[in-house]
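Me: I am new to protein structures and would like a close look at one part of this one. Could you walk me through it in plain words and then show me what lies around it?

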2 protein chains.
Amino acid sequence: MSHAVSPLAPKSFAEMPAIDGVRMATAEAGIKYKNRTDVLLMVFDEPASVAGVFTRSKCPSAPVDFCRQNLPSGRARAVVVNSGNANAFTGKKGKAATELTAKSASEAVGCAMSDVYLASTGVIGEPLDATKFAGVLGDMNGRATGDFWFEAAKAIMTTDTYPKVATRSAKIGDVTVTINGIAKGAGMIAPDMATMLSFVVTDADIAPGALQALLSKGVGPSFNSVTVDSDTSTSDTLMLFATGAAAKRGQKKIDNATAAELADFAKALDGLLLDLAHQVVCDGEGARKMLEVTVTGATSDESAKKIALSIANSPLVKTAVAGEDANWGRVVMAVGKAGEPADRDLLAISFGNVRVAVDGERDPDYSEAAASAVMKEARIPVTVDLRLGTGRATVWTCDLTKEYVEINGDYRS
Amino acid sequence: MSHAVSPLAPKSFAEMPAIDGVRMATAEAGIKYKNRTDVLLMVFDEPASVAGVFTRSKCPSAPVDFCRQNLPSGRARAVVVNSGNANAFTGKKGKAATELTAKSASEAVGCAMSDVYLASTGVIGEPLDATKFAGVLGDMNGRATGDFWFEAAKAIMTTDTYPKVATRSAKIGDVTVTINGIAKGAGMIAPDMATMLSFVVTDADIAPGALQALLSKGVGPSFNSVTVDSDTSTSDTLMLFATGAAAKRGQKKIDNATAAELADFAKALDGLLLDLAHQVVCDGEGARKMLEVTVTGATSDESAKKIALSIANSPLVKTAVAGEDANWGRVVMAVGKAGEPADRDLLAISFGNVRVAVDGERDPDYSEAAASAVMKEARIPVTVDLRLGTGRATVWTCDLTKEYVEINGDYRS
């Protein structure tokens, strides 16, 4: 199954610099696809600090279980990611497959199994034949290289229509460090595909606890503020690795996430996470438009986010956007169903700069033509002001199109 | 905009008997549609007992506010329902419109405004011109008749593809009483259409408090167990009226919902509510298949219902059903995202009588052909056994098709 590149794809891809301390290689392990790479190996020759956030699903995949088990050490030497099979809902076979993959990786790289991290994306419920990795990982380690980010992003794609890459630089003290990230699609849970995966690596020298704090904070307004279809995969995995190579250039190791020297780094990391999250939304299945939903005036930021997600997950709002219809009645509906404090008669709603409703009714100055012009854009900002308090949140989603139904209604192939 | 009748429509409609104590008429008030009836008047010449349940939306329509205000009296003389305009998010104009409509009805019927109940369905955010009712309600009262149920059901349709009617009879003591109900679609929130509306009338003599208890209990496993697209309208209204005319035939008035004499009536009412709720799902926008999701073995009935609704509202499950794909991986995903207690490695999932997964992995005896045969049916039962406890629930939904997107992505007309 192949689909045209999303019209929301970036016009060009970031130039991804090599990052000291990490090498990568991809291979064709033949998990599901033919004639394309489907396995990625990342190697840290010196142990890297590691942090991770995972799906909240009560039915997580075997690789998610495996990563959670290793994460407390905060130490990583290798990462193996495959596409084509999610190793999810595979029972005892799933656990055996993660053990075998980690064993193969530990032998190839020369590290403990507890220093290996795994992620899988693809079909749910099919046993993963991990013996296929054993034959390729040694060779991959031999040829792994630092200048390989774009190829790495391609190897982890499933129904993504473009690879997702982002890079930032930041100062820690006087030393410039680099952050690179790759991701694959969420809501790209196409015929049995499960997963949003993202891997971010920096050469900064940051202790695991501080790294985890940065990641846990950064994921809130980025990956946890985007939604394609409200469905949560069994395999969502976002990992952040710090090789520490910048120490050789004089960067003083950071142990505390609140250290003043980390401010610029934290800002750069947040920007990179948001960049990747936006790329994921723009490649939502069948997406033609991106919707940015901002809720202001809520009783709290949490309440604002719940209302914003209620709007962004509403099939009726999303189909209206697909139809270029400035249908603010459905926005009111979605505010009302969120169950959060809202006063119908105080609401104001804007599409772009066009205020369509105020004081709980249609704006007297509302112009259908002006609102329709906004809806023809590829990126559509919707703002709802509840006028109750100071809570605010922004989330992003895409429209719900016939192509979404087509992609997800096809038989598993 | 016109769409072909749903393939899930009933093959024939129930013969709706007249019910002593209620008369009805419809008219063309010209609210939005041309050449079709768009207003229904129900008249109770003797005061009827009344009970109601309404949308949980924090942004309810003006008629919902109006009904809630009158309901504590438990007394009804007239009901006015219009299609074409929901009188929702219409600010002070909305309240003025309900007042004017109730005043017109009270003058036409000769009752207090507090004995009038209102419901509106249609466009959100457009002021409703209630002066249009003033001219027709008097005439409607003059010609209102008991044998008019099917016409009443037609007058309240918006994008429904068929009228929804149901009737039951029951014994209270030695006296046979009748229950009739009409409904219009949920998730039929088509271009700006908001609303599930249903009106049920019986000739039984039951006090308002008992009536409300019966309705509140009956709505749980029926209307509150169906979902089309997870969106909640601003206007959902379900009202139950008891004319008390059966008292003339010797029925002893019932004051208490737990009275033993009410058992048969309660069962008949529950059956009628479920019948109407199923008719609503089968007319979900673009629906081609009905999905019955049963969750067993949950830690509680409430937990089972949350998981069942998570499955029934999942766009990925619903598109798989549209594609006739026995995609149990997506069912696992939806169980996992519900946030309720579930153990991945205990789950068993069946489509129809075909068990596709057991003990947290694909059933060793799974037959793709047998599962696919189930998916070709118009009504598809999915059962998930969590094997944790005794909680259970069943909910109903329809598939998510390209037609849903088409209907809801069209411009407001």
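Which backbone oxygen lies 3.1 Å from a polar atom of the side chain of B:S83?

Reply: Happy to help! Please keep in mind that this is a predicted model. The backbone oxygen in question belongs to B:A155, and a polar atom of the B:S83 side chain lies 3.1 Å from it.

Let's place the serine. B:S83 sits in strand 3 of chain B, a strand that covers residues 75–85. With a relative accessible area of 0%, B:S83 is buried. Leaving aside residues up to four places away in sequence, B:S83 touches B:A155 and also, among others, B:I156, B:M157 and B:T158. Its contacts further include B:I31, B:Y33, B:R36, B:T37 and B:D38, as well as B:T121.

Now let's step over to chain A and look at another buried spot. In helix 1 of chain A, residues 62–70, the buried residues are A:A62, A:P63, A:V64, A:F66, A:C67 and A:N70. These buried residues pack against strand 2 (39–54), helix 2 (91–109), strand 4 (116–123) and strand 9 (237–242) of chain A.

How do the two chains fit together? Chain A superposes on chain B by a rotation of 180° with 0.0 Å of shift along the axis, and the RMSD is 0.0 Å. The two copies are thus related as by a two-fold rotation axis. In chain A, the residue that comes closest to this axis is A:K402, whose C-alpha is at 2.5 Å. Of the interface residues of chain A, 100% are also interface residues in chain B, so the copies meet through the same surface.

At that meeting place, 69 residues of chain A are in contact with 69 residues of chain B. About 5,500 Å² of area is buried between the chains, and carbon and sulfur atoms give 53% of it. There are 14 residue pairs in polar contact between chain A and chain B, counting pairs with both residues at pLDDT 80 or more. Several elements of chain A each supply at least two residues to the side that touches chain B, including helix 1, helix 2 and helix 11 (402–409). Helix 9 of chain A gives the most, with eight residues. Sorted by class, this side of chain A has 25 nonpolar, 20 polar and 24 charged residues.

Charged side chains also pair up here: eight salt bridges are found across the interface. One of them links A:E126 with B:R362, where the closest N and O atoms are 3.0 Å apart. In another salt bridge, A:K93 meets B:E361 at 2.5 Å, N to O. A:K93 lies in helix 2 of chain A and B:E361 in strand 13 of chain B, so this pair joins two chains. A:K93 is partly exposed, with a relative accessible area of 47%, whereas B:E361 is buried at 19%.

Salt bridges also occur within chain A. A:K164 and A:D160 form one, with their closest N and O atoms 2.7 Å apart. A:K164 is buried at 0% relative accessible area, and A:D160 is buried as well, at 6%. A:K376 and A:E324 meet in a salt bridge too, at 3.5 Å from N to O. That pair links distant parts of the chain, 52 residues apart, with each partner in a loop. Finally, A:D20, A:D203 and A:R249 are linked in a network of salt bridges.

Key: Residues numbered from 1 in each chain as written. Chains lettered and ligands numbered in written order. Predicted model: local features only at pLDDT ≥ 70, side-chain atom pairs only at ≥ 80, totals over all residues. Heavy atoms only, no water. Least-squares fit on C-alpha atoms with pLDDT ≥ 70 in both. Contact = heavy atoms within 4.5 Å. Helix = DSSP H or I, 4+ residues; strand = E, 2+ residues; numbered from the N terminus. Buried < 20%, exposed > 50% of the residue type's maximum accessible area, 1.4 Å probe, protein only. Polar contact = N/O pair within 3.5 Å; in protein donor to acceptor, adjacent residues only side chain to side chain. Buried area = accessible area lost by both parts, 1.4 Å probe. Salt bridge = Lys/Arg side-chain N within 4 Å of Asp/Glu carboxyl O. Nonpolar A, V, L, I, M, F, W, Y, C, P; charged D, E, K, R; others polar.
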